[in-house]
Amino acid sequence: TEQTFIMIKPDGVQRQLVGEIIGRFERRGYSLVGMKMVHASKEHIEKHYEDLAGKPFYPGLCNYMSSGPVVAMIWQGKDVVKQGRALLGATNPLASAPGTIRGDFAIDVGRNICHGSDAVDSAKKEIALWFGAQDGAISYKRAIDQWIYE
Ligand code: GTP
Ligand code: MG
């Protein structure tokens with residue numbers, strides 16, 4: 001089944017939204033299969049956002065993302081990459097619908113609280129970058145799955 005990489009950014013940690021964000025993914029029914037808190041180096045963040053190198057906001061983005069600890073997570077379940085992005089909301093919180101994480105808690109695009117992989121392919125790359133080349137996810141059974149999946 002599908003996995004995605006979800007990260008609570010330094011502003012999300014500072015604003016004490018860790019429980020809120022995890023709760024939204026849990027309540028939707030997704031499984032948490034990997035989690036750690038890290039204060040990432042600037043080099044690590046540059047790698048994570050390497051596709052954006054060259055954008056005018058890239059240096060500021062890398063400074064912000066390496067300015068404090070983040071919570072790095074692997075979430076699992078049906079269509080979780082796309083649905084995870086939907087839970088986060090649009091990149092620019094001013095365009096994020098109420099009911100989404102960014103639409104409920106953020107204002108500026110440069111302080112938008114959370115990250116989610118944009119495709120199954122990038123999810124695999126990001127999980128490997130943050131959790132190691134070996135499968136960093138935990139495999140376990142949940143009794144509740146029979147009430148979430150038909
Ligand atoms: P992530 O989940 O963090 O990858 O966001 P995204 O996929 O919705 O957007 P994208 O990958 O294009 O950009 C990555 C991050 O760069 C965004 O989440 C923002 O924090 C930041 N960013 C994107 N566009 C802008 C911009 O125009 N200005 C500023 N200051 N930051 C931006
Ligand atoms: Mg992105």
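How many of the seven residues of strand β3 are buried? Keep that in mind, everyone, and I'll come to it in a moment. First, a word of caution: what you see above is a predicted model.

Now to the strand. β3 covers residues 70-76, and six of its seven residues are buried. A residue counts as buried when its relative accessible area is under 20%. So the rest of the structure largely encloses this strand.

Who are its partners? Let's start with β1, residues 3-8, which pairs with β3 in the antiparallel sense through six bridges. If you'd like one pair to look for, find Phe-5: its bridge partner in β3 is Ile-74. Then there is β2, residues 31-38, which also runs antiparallel to β3 and is joined to it by seven bridges. Here you can look for Ser-31, which stands opposite Gln-76 of β3.

Let's move along to helix α5, residues 80-88. Its buried residues are Val-80, Val-81, Gln-83, Gly-84, Leu-87 and Leu-88. And what do those buried residues of α5 pack against? Quite a list: the strands β1, β3 and β4 (114-116), together with the helices α2 (18-28), α6 (101-105) and α7 (120-131). After α5 comes Gly-89, and its phi is positive, near 95 degrees.

With those pieces in place, let's step back to the whole chain. There are eight helices and four strands. If you read along the sequence, the order is β-α-α-β-α-α-β-α-α-β-α-α. The radius of gyration is 15 Å, close to the 15 Å that the globule rule gives for 150 residues, so the chain is as compact as a globular protein of that length. For a feel of the dimensions, the C-alpha atoms fill a box of roughly 45 × 35 × 25 Å along the principal axes.

What about contacts? Taking those with a separation of 6 or more, 77% are between residues 24 or more positions apart. As for burial, 45% of the 150 residues count as buried.

Finally, the outside and the charges. The chain exposes about 8300 Å², and carbon and sulfur atoms supply 53% of that area. There are 18 positive and 17 negative side chains, and the centres of these two sets lie 2 Å apart.

If you take one picture away, let it be β3, with antiparallel partners β1 and β2, and the buried residues of α5 packing against it too. Thanks for listening!

Technical notes. Residues numbered from 1 in each chain as written. Chains lettered and ligands numbered in written order. Predicted model: local features only at pLDDT ≥ 70, side-chain atom pairs only at ≥ 80, totals over all residues. Heavy atoms only, no water. Helix = DSSP H or I, 4+ residues; strand = E, 2+ residues; numbered from the N terminus. Rg over C-alpha atoms; globule rule 2.2 N^0.38 Å. Buried < 20%, exposed > 50% of the residue type's maximum accessible area, 1.4 Å probe, protein only. Contact = heavy atoms within 4.5 Å. Areas by Shrake-Rupley, 256 points an atom, 1.4 Å probe, with all protein chains shown as cover. Lys, Arg positive; Asp, Glu negative; His and termini not counted. Charge placed at Lys NZ, Arg CZ, Asp CG, Glu CD. Pairing = 2+ DSSP bridges.
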